[in-house]
Amino acid sequence: MTVGWETVVMVQPDLAAAQQLCTFLAGFKARSGLSYEKLAELASCSRGTAENYIAKPGHSRGEDILNSLLTALGVTDAERAEALLLHRRSRPETTDPVTVGWRVAAAEADCTVWEMDEFTPAEATVHPAIRRGRVLVSDGNPVMSPPAYVQRDHDTSLRADVAAAARGELRALVVLRGGPSTGKTRSLFEAVHALGPGWAVIRPRSATAVRGLVTSGLLHRRRCVLWLNELQTFLGPNGAGLSLDVLRDLFAATGNRTDGTNRSPQPLVMVATLWPEKLRDATAPADHFSDNRGLLAAANEWVRWHDVLRDFSRRERGRARKLAASTGDERLGAALANRDRIGFAQTLAGAHELLQHYLTAPNHMDQLLLDAACDARRLGHTSPITAPLLRATATALWRDERGQTSQPPDWFDTAIAHATQPLRSTQGVQALIPLDCTDPHDTTGKPGTYELADYLEQHLSQTRHTHPVSDAVWNALRDHSAAPDDLCNLAKAARNRGRFQHGEALYRAAGTPGALGELTSWLAVRPGHEQEAERVYRDAIASGHPHVLSAFVRWLTGQPGREAEAEEAFRDAVAAGDGGVLHAFARWLTGQPGREAEAEEAFRDAVAAGDRGVLYAFARWLTGQPGREAEAEEAFRDAIAAGDFNALQEFAARLTEQPGREAEAELLFRDAIADGRSFVLHMWISRLVAEPGRKAVVERVYQNAIAAGDYRAVRVWADWLATQPGREAEVERVYRDTIIRYPDGLSSFAGWLATQPGREAEAEQVYRDAIVAGDSFAFNLLANWLATQPGREPDTERALRDAISADEHFAHVELADWLAIQPGREAEVEQAYEDAIAAGDRNAFRGWIDWLAIQPGREAEVEQAYEDAIAAGDRNAFRGWIDWLATQPGREAEVEQAYEDAIAAGDLYAFYSLIDWLREQPGREAEVEQVYRDAVTAGDPSAFTKLTDWLAEQPSREREAKHITRFGLD
């Protein structure tokens, strides 16, 4: 099917009302001259809430907060009535949660809720444990409870975070990160169930529902666990999913009543699970995913990560053996046996059975149905999968293979029956999991939607990631996907694969202003598509997208000869209430000769509109205007007062360059520290240390910081004092004063003592004190120090073995590495590495392989160790193995096969390693091109550009490269 530009753009009525409301609110804000910070203060809400209500149409709004914002903005009665009318149109069927009960309110908020004692493993979507061996039909296959829980190594830190959140001491999203069927959900279920009765569990049904919880009135009524299993379901493009602002607002909502009054906040425990692959996709480097990157990719205090290993460690297996023996549960015994070598948790979850069920399907359409479900998932469809989508996509796959031949009669019902068949028992795992029908008028009793088993999803996504997606499959996905987020995700997948026509059609099918905004951003950077880009920009502007007008303006400024149109667009954006565009307008005017006065006016208008970020740019511009130094200084001080760290740095540097003004620079830093910006302290000290004769000032600053409770300052001061000759006694006093309040400083003190001649015994004692104080890492520090002391080899070994007994994670490898340099202990080295591997330390494979590689005649064992590491899920081992194979004469064919195996396992980097290797082989250009095309098919965002760049380098193919760059691979 050919996709043309004549596709009709459709915008949902409630979204159109939300867009119009955003335009109203932005205009009110621009008129008021209030910054978001001041507006939030006046309306008694967070800054993020104020910005979301005004700038993000998809944000769920509560009428009370909206009224507070309207009051703060100083609107008239008529303006308030119009805004509230638009608000109600944007939520046509909502009910005020105050007027309904808890469960009804939850349903209105599109959430499912349970009391803690109702929240079962099945409700939490814990995988049912399979029953291996013979299953008797006469048993009746009653619903089986999960096997006894095996304590995981990560549980201690996980439960500590959950308990801290329950006490109100931790306000953060607690995330378990690990692959499918590794025990994440069960571990999280056990952690929250330990909270006991009196807690409610809330499961939102969509990303929109998560955002709506802020104003739902649910969170201040009860002690709640917010259950976000499969976190990727609740993410999305900017303004459409969970973000840092929404996370902060959710915690704030625990103390906010819907009537606008406050109370002591209820504790909120927010927990989630996420695959590493889903995390990578959600934080891809694209502008429309910046919300996700801010939440999940950037280091911040609002997310606490806990990693789940692919398989059980030795300690976990020991616990499992004890439970299997005490309970007699054959399922634990089967998982321990792990005869299929897929892992303990995966065995319990029926991963082997799922894979065999797929591979041994009696009919080809049975497999194609599951392939269709996988293709929907791997290409970005995250909503529950509907039967029409499955039917259409599986039909497309059939016709890709067999043309227009007809499928077998009743193939769909047969394939659904096979895919949903419980394995091993009537309550066993299913390849395709039926979900409840959501249509109240459906009387057929058939499920409305389906979910693909996660282990099967991961396996099929890896095996099919280089499988080309045909036009028919793209069309089926577009025709049978309803959610705008799904359509946008599919559009992005099509773009990455060079399928530009389908990408455009999918964005247009989504029909939302956000989708049109993404489409315009993409078209704007494609050569030869200037007219199409402009047309879609104008469509998006007409639909009311709050930010696309400023994007259009910036695009116009890059079009030669269109300066007058760019200026007109700038002024239209300003008139429409887009205060943020004033900054860009001011910058643009600074580049227009003779328009300095207008540039200054635009800068001042941006400041008046509440854009504090423009102050620094204005100050820098003023410094370039002759005779305006005093005004530039005033602007710098305003920017510093607004919290601009860069302005502080630059202005302080300028002051220190001016003779006699060093004291003013120092005062700037002191004022910033007094305002609570403690990070400035360390930047200031680094500047002071570099200035001759300032030692007394440095010491005074450190002492003030320590008195204020800045522990980091203690450590840095001690390090600085240690560089000053003859001040050892003061260094020691600092450390001793520190450890009275901060016992975790013992290890640092011991490390310093170890550098002082003749104080070895004291250093050793302080290391041991650190161990007694609970610093488990001090075991390794002590062992490393002992290893440097002549004749203390037995004490070193004892310290390392004590660290192992204390479950110090890296101690096994430390012992193995130490033994490797002790003459005549080769057998013990091997045992230590084997123990480390059995304990679940993946780093041990690297050390074990390196040690084996230097032992003559053990090449076969090196190869076996690599294979074991790969089987344990260490993807980096693929590359190490390939590098090692490349050093073995006559094994070139195996090198190439190893690269292909890595690609099949989902390693995107292996594509480019294989390309580099092939490019060294003369005459293999056709294969290089095919691997580039395979990488594009696999959806690697950078592969398309790499392919076109490579084509442009090939003789007589420049024209082809330009054509593909413009039109894609359609």
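**Reasoning from values to terms in a predicted model**

Mentor: In this predicted model, three strands make up an open sheet, ordered β7-β9-β8, with antiparallel pairing.

Trainee: What makes β7 and β8 the edge strands?

Mentor: Strand β7 (385-386) and strand β8 (432-435) each pair on one side only, and they are called edge strands for that.

Trainee: How do you know that β7 pairs with β9?

Mentor: Two strands count as paired if at least two bridges are found between them. Strands β7 and β9 (residues 449-452) are joined by 2 bridges and run antiparallel, so the pair meets the requirement. Within this pairing, Ile385 stands opposite Tyr450 in β9. Helix α17 (residues 364-378) packs on the sheet and touches β7, β8 and β9, its direction making about 85° with that of β9.

Trainee: What makes Cys374 a buried residue?

Mentor: A residue is buried when its relative accessible area is under 20%. The value for Cys374 is 0%, and therefore Cys374 is buried. Cys488 has 6% relative accessibility, so Cys488 also counts as buried.

Trainee: How many disulfides does a search of the whole structure find?

Mentor: The search finds 0 disulfides. The term requires two cysteine sulfur atoms within 2.5 Å.

Trainee: Why is strand β4 called mostly covered?

Mentor: Strand β4 (residues 223-228) has 6 residues, and 5 of them are buried. The chain reaches β4 from β3 through helix α9 (residues 207-212), and this β-α-β crossover is right-handed.

Trainee: What makes that crossover right-handed?

Mentor: With the strands pointing away from the viewer, the path from the first strand over the helix to the second must run clockwise. The crossover from β3 through α9 to β4 is right-handed, which means that its path runs clockwise in that view.

Trainee: How do you know that β4 pairs with β3 and with β5?

Mentor: The requirement is again at least two bridges. Strand β3 (residues 199-204) is joined to β4 by 4 bridges, and the two run parallel. Strand β5 (residues 268-274) is joined to β4 by 5 bridges, also in parallel. Both pairings therefore satisfy the rule. Ala200 stands opposite Cys224 in β4, while Val225 has Val269 in β5 as its bridge partner.

Trainee: How many aromatic pairs are there, and why is the pair of Trp848 and Trp851 called stacked?

Mentor: The count comes to 21 aromatic pairs. Ring centres must lie within 6.5 Å, and planes under 30 degrees apart count as stacked. For Trp848 and Trp851 the values are 6.1 Å centre to centre and 15° between the planes, so this pair is stacked. Both residues lie in helix α44 (residues 843-853), 3 residues apart, about one turn of the helix. Trp848 is buried, at 10% relative accessible area, and Trp851 is buried at 7%.

Trainee: Why is the pair of Tyr932 and Trp950 called tilted?

Mentor: Its values are 5.9 Å centre to centre and 40° between the planes. An angle that is neither under 30 degrees nor over 60 counts as tilted, so the name follows. The pair links distant parts of the chain, with Tyr932 in helix α49 (residues 925-937) and Trp950 in helix α50 (residues 943-953), 18 residues apart. Tyr932 is buried, with a relative accessible area of 7%, and Trp950 is buried with 4%.

Trainee: Which residues form one aromatic cluster?

Mentor: The cluster consists of Trp114, Phe119, Phe189 and Trp227.

Key. Residues numbered from 1 in each chain as written. Predicted model: local features only at pLDDT ≥ 70, side-chain atom pairs only at ≥ 80, totals over all residues. Heavy atoms only, no water. Contact = heavy atoms within 4.5 Å. Axes fitted to C-alpha atoms, helices over the stretch in contact; angles between N-to-C directions. Buried < 20%, exposed > 50% of the residue type's maximum accessible area, 1.4 Å probe, protein only. Phe/Tyr/Trp six-rings, centres within 6.5 Å; stacked < 30°, edge-to-face > 60°.
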